[in-house]
Amino acid sequence: MEREAAAETAAVQGADPHPTHHPMKLTLHVWRQKTRTAPGEMVTYPLDGISPEQSFLEMLDHLNETLIRRGEEPVAFDHDCREGICGSCALMINGLAHGPERGTASCQLHMRSFRDGDHVYVEPWRAAAFPVVKDLATDRSAFDRIIAAGGFVGVNTGGAPDGNALPIAKVDQDRAMDAAACIGCGACVAACPNASAMLFVAAKVSHLAQLPQGQPERRERAQAMVGQHDREGFGHCTNINECQAACPKEISVEHIAQLNRDYVTSTVSAVVKG
Amino acid sequence: MVGLARKAGLGPPYETGETMKLEPKVPGGPLAEKWTRYKQDQRLINPANKARFTVAVVGTGLAGGSAAATLAELGYRVLCFCFQDSPRRAHSIAAQGGINAAKNYRNDGDSVHRLYYDTVKGGDFRSREANVHRLAEVSVDIIDQCVAQGVPFAREYGGLLDTRSFGGAQLQRTFYCRGQTGQQLLLGAYQALARQIGYGAVKMYPRCEMLDLVTVDGRARGIVTRHLETGKVESFAADAVVLATGGYANAFYLSTNANGCNVTAAYRAHKRGAAFANPCFTQIHPTCIPVSGDHQAKLTLMSESLRNDGRVWVPKSQGDVGKHPTSIPDAGRDYFLERKYPSYGNLAPRDISSRSAKEVCDEGRGVGPSGRGVYLDFADAIRRQGENRIREKYGNLFEMYERITAEDAYRQPMRIYPALHYTMGGLWVDYELQSTVPGLFVIGEANFSDHGANRLGASALMQGLADGYFVLPYTLTNWLAGQRPGLTPTDHPEFKRTEAEAADRLKKLLAVKGKKTPVEFHRQLGQVLWDHVGMARNRQSLETALQKIRAIREEFWGNVSVPGNDLDLNSALERANRVSDFMEFGELLTRDALAREESCGAHFRTEYQQTGDDGNPNGECERDDDHYQHVAAWEYAGPDRDPVRHAEPLAFEVAKPTRRSYK
């Protein structure tokens, strides 16, 4: 009966289950920069035939296909999994890291978020610690060096105790997982007026601080990662919280509070011991 | 045309192989003791001497990342390469479901033997038994290792590890981290790798793509790479080379793989002497979001777990396909999986579900704008369990679906369609994971060994980490112990020659200056493979594919357009180079499918089906164990010669081959 009623409603409304979408025309303004040291500039490309079903990166593919057919060099941008998990894609879209949708990486942003005739500005992450490699691709290896400085549990392969030897409360586990969801894209840095990577650092520190496995190196970890963060040229955190708003995984700034506690505790303990 | 024409009654269609020897090197003894015996008898290298050996690891997914970290911990000098900008981004990161392990934490009767048996049976008896048993044995160590690294596996309220059943398994042996298990396992391996990079034990080369393998007197001596930012083509010498370069699903253009996944490293190694095994074993996953248009660059997988609660259907009549799904009454719907496979229903295995979906779409009953889609309907589950419960279980998936399609799956059914997802075939390796080129080892999805003709859910992560953490570190040590350490200088003529060949190929691509983009060729190739070498294949479709692929390849070298130069980041050049290998490889894949005149696992030849009760073919694989119970390993014979098919016979001492039935 319910289904028949629904059938009637649908028939009355004439609802199309998959409405067809009209192609859009946009004016793109894209940052082009040949190499790390070459001067860059915004270049304007009118582009039509864009389907609202396309993802933002597929729209850029479309632009690149057009450019290649004209014998021009395609726009370089980092991308890989295109399902919001690898953290490769990194675009400032109309001044927002990963564009207008909340909790969405550039690759999962779809063109239905834009309107026919829009002007769209596409730029690389802007931060001294993320130099431009070419066009929209940046060098985010600073993140790898921060992890290498201490973002791990220092155990070698082999000799691990049974996985169930160490019970972990579900709530700690969940909190660790919330932080561990970070994809290392760098949107937090791009969104921060200070170009601070504190949310990235905090996500790893907090992930491991919630778990018993992370305790032996907990203090050194916070010190080492923050130290490397500063040496890489990222700015300081002044609690503006733009990072949280831009994060495609919606990682909370509460983890920065956790990092601060660990950092202060370890600094104090170093002073007391010293 | 060796191996392509089998005369009836004359035995298997392969040469016994005079040029290439396939020695599986499986240790003696009862199946369950082989690995233990191997480790007891293997040769060792003392810790101080390990530093005299250099190992090049290519790829930083679960297999490569875990291997590079572990080898460095043991004391080897490790060079590690990935094409991504960071080793943390390899495609293992996108795996959603989970990782199997025979822990038996559930007290539900699991054991190493059961995991081994399920994997061999799931692979339709086309994998090497001893390798699979070893995989099941080390599966338990993987979980312990990952927990120690801080991988946040799901827990129960009592604090112990949670598990779930997956992919129709009767046991709850799958460990998981929400819907992002691959990410967390990869970050665990990446962090272990980063630690070794920080110590200086691993030298990491990101944005560095392998272009070729360097062999001297038949032994792997190093690799040639291109730095993707500077364009520099460069050689690296090593005592052993480890390929962990993933699968080749992107040969089909549209797949669930990341955009950058490619076959180049594996295929170029093949051209240097490494046999390529079972390339036709390609897995198609039934629950992906359908293609929405020509613009599409990849397909997105929706976790298979959705089939636990969703019902799959299409309209009974073609006339109803354009109607709103909620307006079609039950009587007008064909729940085709429930109808055809009453005991498994919507949980029928991946290959069977995929083919059934294709069938109903071929009949013109597919839904959605492209007509290539079937409904996955949660209305009954929501009515029974409540929307909240469904949201709890699948909330993130429903959200992802809505983001991509702008449709609310709580209100109307999802649309799904099968897509290429994983490739069981890969470079041939022996029990020690060494290819037919001495010194070249292959791990993870890039090798062929553990999944046979079909991979079970939650087994890919297990295999990648097993190879990297717990198998290769032993077998590589055993091999290196018999070698004298010392690098071939990179100005050796073989290095120079290989480097020049790789660089020339890039120059050649730039020089064509044609009219079509590399992506257009890639899409064309993918369409041919999907249409003719996809879910269902037959002699005619495969022969058509061979002709078409050759035609595309010919056109490619005369009409591809690659702007720019080879001196900086050039995504068109990268793509063109990868596509050029996919085209050659696509031919090998097709040839393998043609030569395997049986159906098994994911390889479905319409000519070879079981007969149903009604006397008609019933869509189930008809294996031919008498002639095809072997691994097909292809030897490259030169650019203008047909490759040679060799066979490694498979013997099953413990698991006796049975017929799969899911009725």
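Mentor: A residue is buried if 20 or more other C-beta atoms lie within 10 Å of its own. Keep that cut-off in mind while reading this predicted model.

Trainee: How many of the six residues of strand S20 of chain B are buried?

Mentor: Five of the six are buried, so strand S20 (residues 630–635) of chain B is mostly covered. Across chain B, buried residues make up 59% of the 663 residues.

Trainee: Which strands does S20(B) pair with, and in which direction, parallel or antiparallel?

Mentor: Strands of a sheet pair through backbone hydrogen bonds, either parallel or antiparallel. Strand S10 (residues 276–277) of chain B is joined to S20(B) by two bridges, and the two run antiparallel. Here Ala277(B) has Ala633(B) as its bridge partner. Strand S21 (residues 644–649) of chain B is also antiparallel to S20(B), with six bridges between them. In that pairing, His630(B) is matched with Pro649(B).

Trainee: How many helices and strands are there in chain B?

Mentor: Chain B has 17 helices and 21 strands. Its radius of gyration is 24 Å, close to the 26 Å that the globule rule gives for 663 residues, so chain B is as compact as a globular protein of that length. The C-alpha atoms fill a box of roughly 75 × 60 × 55 Å along the principal axes.

Trainee: What share of the contacts joins residues at least 24 apart?

Mentor: Take the contacts in chain B between residues at least 6 apart in sequence: 73% of them join residues at least 24 apart.

Trainee: What is the strand order in the open sheet of five strands?

Mentor: Read across the sheet, the order is S5-S2-S1-S9-S17 in chain B, and the pairing is parallel. Strand S5 (202–205) and strand S17 (440–442) of chain B stand at the edges; each has a single partner strand, so one side of each is left without a neighbour in the sheet. On average, neighbouring strands of this sheet are turned by 20° against each other, direction ignored.

Trainee: Which residues does one parallel pair in it cover?

Mentor: Consider strand S1 (residues 54–58) and strand S2 (residues 77–81) of chain B, joined by five bridges. Thr54(B) has Arg77(B) in S2(B) as its bridge partner.

Trainee: Which strands does helix H3 of chain B lie across?

Mentor: Helix H3 (residues 62–74) of chain B lies across S1, S2, S5 and strand S9 (240–243) of chain B. Its angle to S1(B) is about 165°.

Trainee: How many residues does each chain give to the contact between chain B and chain A?

Mentor: Chain B gives 71 residues and chain A gives 76. On the side of chain B that touches chain A, H3, helix H5 (129–149), helix H6 (181–199) and helix H16 (571–595) of chain B each supply at least two residues. The largest share, nine residues, comes from H6(B). By type, the residues of this side are 27 nonpolar, 30 polar and 14 charged.

Trainee: What is the phi of Phe125(B), and where does this residue lie?

Mentor: Phi of Phe125(B) is near 60°, a positive value in a residue other than glycine. Phe125(B) lies in the loop between helix H4 (112–122) and H5 of chain B.

Trainee: Why does Phe125(B) count as buried?

Mentor: Phe125(B) has 23 C-beta neighbours inside 10 Å, so it meets the cut-off of 20 or more. Arg207(B) also has a positive phi, near 50°. Arg207(B) is found in the loop between S5 and strand S6 (208–216) of chain B, and is buried with 22 other C-beta atoms within 10 Å.

Conventions. Residues are numbered from 1 along each chain as its sequence is written. Chains are lettered from A and ligands numbered from 1 in the order in which they are written. This is a predicted model: local features need pLDDT of at least 70, side-chain atom pairs count only at pLDDT 80 or more; totals for chains, interfaces and linings use all residues. Helices (H or I, at least four residues) and strands (E, at least two) are DSSP runs, numbered from the N terminus. The radius of gyration is taken over C-alpha atoms; the globule rule is 2.2 Å times the number of residues to the power 0.38. A residue is buried if 20 or more other C-beta atoms lie within 10 Å of its own, exposed if 12 or fewer, and partly exposed in between; C-beta atoms are placed from the backbone. Two residues are in contact if their C-beta atoms, placed from the backbone, lie within 7 Å. Two strands pair if DSSP finds at least two bridges between them. Axes are lines fitted to C-alpha atoms, for helices over the stretch in contact, and angles run from 0 to 180 degrees between N-to-C directions. Ala, Val, Leu, Ile, Met, Phe, Trp, Tyr, Cys and Pro count as nonpolar, Asp, Glu, Lys and Arg as charged, and the others, Gly among them, as polar.
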